[in-house]
Structures are given as C-alpha cells and as structure tokens.
Amino acid sequence: MKKIAFIVFFAFLLFASIEMREFGKPPSSVKEVFPNANYDVTMDDRIIGKYNASAEKWEYGAVEETGANNVVTSVVFDYRGYDTLGEATVLFTAIAGVMLLFGRERK
Amino acid sequence: MNGDEEKMTVIVQTIAALLFPITLIFSFYVIMHGHLTPGGGFQGGAIGASAIVLLIVAYGVRNIEKRMKEENLSIFESLGGLIFVVVSIFGIFLATAFLANFLVGKAIFGQIPAWGEAPLNSGGVLPILNIAVGMKVIGGLSAVVMLLALITKEGER
Amino acid sequence: MIYNLPFITVVLLIAIGMYAIIFKRNLIKIAIGITIVESGVNLFLITLGYREGGVAPIFTNLPPNISPEQIPEKMVLPVPQALTLTSIVIGVAVLALILAFVINIYKNYGTLDANKIRRLKE
C-alpha cells in the first residue's frame, strides 16, 4: 500500500515537472499571463527598479524606497518584514523548546 | 571529571584559538555589510555560531560552559528579538506603520545611493535589523549546539 | 525536456526524501529525509526565480557589461531568494527541535526504531 502511494506521488511529481514552464524564462510582463490587467510591470521587476541614466536618479524600485543596494535584503527586512518577524518567532520557539527539553534536568 | 580528557590535542587547540577572532570578525563584517554585499543577519550569525562551535569542539563543552553559560547566550538571543520588535514599533510613531523604514531619506542613515555607489550609511533601519537578527542567530544556534553537546556528555557518564 | 532538467532534479530530491520518510524506520534517517525534502523545496524556489543570463540582484560591484538600461532583464528575481532565506533558517530551527526530540526518545526508550516506540511506556 505504501509502495502504491509512493509510486502515484512520484508519477504525479514527474508529470508536473515535465509540464512545467521553460526553465530560465519567467514571464516578463503581467499581460502575458493576465491579458486584462491594466498594468504591465511584474512584481519582481517593480522591486528591482529602473534607473534613469540621463537624470542620474532612480525612477522607482527597492534602492529608491529603502536605500539598500542589496535587493534581497530589502525584500527580507522591508517588503516582507512580517515574514522575517514570524521566522524570528519560529527560531525563538524552537530554541525555547530545546531548552525546555534539556535545560532543566541538568540542575 | 575535571574536563581535561575531553580536550583535543594542542595543535587543534592552538589553531582554534587563532581562528576564533578571525571568524568572529568575518561574521561581524558579513552582518554589517548585509545591505551592500551578499549575506546579512542570518548568514553572518551562522558564521559567528560556527566560531563558538569551533571552540566547543576543540576545548570540550564543559570548559566552554564554565565561561559562557547558555543562559547568557539565551539572554543575548532574546535581546536581539527585543531590538527587532522595538525598532519595528518605532515605525508606528515616527512613520506610518509597523516595520516602516522611518530612517530612509534622512541625512545620517538614509542616504540613497546612485548607480555604482555603495555607501555604508545607507539603508535606513535595515542595518539595525540585520544586527538584531545576527544577535538572535548567534545566540540561538550556539545555545542549541551547546545544549545538545552537554546532554550527549551526560549520557556517557 | 532537457531544459526542464532542474525541475526534474527537484522531483528526484523530493522523491528520495519522501522514500526515506515513508519506508525507513530509524528516526535519524527520517530526520535526514525531512532535510532532503527541504533542500528540494529550496532548490525549487531558486529554480523558479532564475532568469537566463541573470546576475544576483545586488547593485554593489556589478559586472562591467551591465548597463542601467538592461537592469530588470539581466537580474534574477529577488522575491524567491528572500523566501528561500526564510525557509533555510526555519529548516535549521526545526531540525534542531527534531534532533532534541530524537535524543529524548532514545534516552527514554533505548531504541530508535519507530515501530518499537509506539507502545506507551509503563
């Protein structure tokens, strides 16, 4: 029974990976996926931003909004800060669990 | 049980004592430059925790536990979480919302870099949050490794 | 088919991890399987965010052939990388908790076999 379930699971995963979109080519505009959308720039391109070389300033993007050169850091701590706060809570809870299991009984 | 038998050889102890400050300084570098270069609080914290784990492996966990109590490491970790939450709550009063970046655009920390520039005093509250998360990860991972090593030694006795 | 090779690698990783979780009875091996599934999920997120010929989304020390006009097209997507960063740290925390429970189980039952520790200890 376990073997049948595992084979069905593996076949489903393999089918999904073959039917996946092409590797290395994410959709470059929203209208490829949703033709009725009234905006064109995808979320990641909006976050990376656009630099106006002639005026020497940023039009939009993470560097203009958060001031950090590392876009991944600005996503982690600014755009998705609640996610990081929850992750810090998970870390704290796991360490509190380890201390609850092992910390007391050494005394 | 004076802990001498769980030390490794003199060669390993000397190399660990030499490598410990270098690893710690590299960890601080990765944390402080988290908004400019690859890395950040989590990665730098993992490097710093690995420095403490190096000491634990080389000198034996009981000798390290006498100098560096795991309660103190836990307090260090909680302090990091507290800094994170307090800086986030400042965003409510000084700007619009929780976790708002209230320092961006200001003169001291909020400089917006142009193309090709990388000033250290940019990023607003992001370096402070990086330091907070780095403290959290250093304290947490070293406390967990120290507790697991201690409980394994207890089982042998 | 060959351009989907990273996705097939992800599927193989997840399948190996699920095999260890389902068919093995040693608790340490189950923990290793959970970690392998986690690696597969992380690799899947990174693979989703890859853009052909892209560099890391960091504006410090860019390669000299990247000009401001081609910026969004020559960088990989930043949001999946941030999700992966969170996922790695949660994986480390969960693995520490799993190992703590395994050590506790071994101290109480004297075995790591998942079939023998099902009964309640009297």
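Trainee: What radius of gyration does chain B have, and what would a compact globule of 157 residues have?

Mentor: Chain B comes out at 19 Å, while a compact globule of 157 residues would be near 15 Å. Keep in mind that this is a predicted model. The box around the C-alpha atoms adds to the picture: along the principal axes, chain B fills roughly 60 × 30 × 20 Å.

Trainee: How many helices and strands should I look for in chain B?

Mentor: You will find 5 helices and 0 strands, so to read the chain along its sequence, follow α-α-α-α-α.

Trainee: And what share of chain B is buried?

Mentor: Buried residues make up 47% of the 157 in chain B. The exposed surface is about 7600 Å², with 73% of that supplied by carbon and sulfur atoms. For contacts with a separation of 6 or more, 67% come from residues 24 or more positions apart.

Trainee: Now the aromatic rings. Why is the pair of Trp58(A) and Phe59(C) called edge-to-face?

Mentor: Look at the angle between the ring planes: over 60 degrees counts as edge-to-face. Here the planes stand at 70°, with the ring centres 5.1 Å apart, so the pair is edge-to-face.

Trainee: Where do the two partners sit?

Mentor: The pair crosses between chains: Trp58(A) belongs to strand S2 (residues 57-60) of chain A, and Phe59(C) lies in the loop between helix H2 (27-48) and helix H3 (78-109) of chain C. Both Trp58(A) and Phe59(C) are buried.

Trainee: Which residues do ring pairs link into a cluster?

Mentor: Try selecting Phe23(A), Phe7(C), Phe44(C) and Tyr50(C), which ring pairs join into a cluster.

Technical notes:
Residues are numbered from 1 along each chain as its sequence is written. Chains are lettered from A and ligands numbered from 1 in the order in which they are written. This is a predicted model: local features need pLDDT of at least 70, side-chain atom pairs count only at pLDDT 80 or more; totals for chains, interfaces and linings use all residues. Side-chain values use heavy atoms; hydrogens and water are left out. Helices (H or I, at least four residues) and strands (E, at least two) are DSSP runs, numbered from the N terminus. The radius of gyration is taken over C-alpha atoms; the globule rule is 2.2 Å times the number of residues to the power 0.38. Buried means under 20% relative accessible area, exposed over 50%, partly exposed in between (1.4 Å probe, protein chains only). Contact means heavy atoms within 4.5 Å. Accessible areas come from the Shrake-Rupley method with a 1.4 Å probe; for residues, only the protein chains shown count as cover. Rings of Phe, Tyr and Trp (its six-membered ring) pair if their centres lie within 6.5 Å; planes under 30 degrees apart count as stacked, over 60 as edge-to-face and the rest as tilted.
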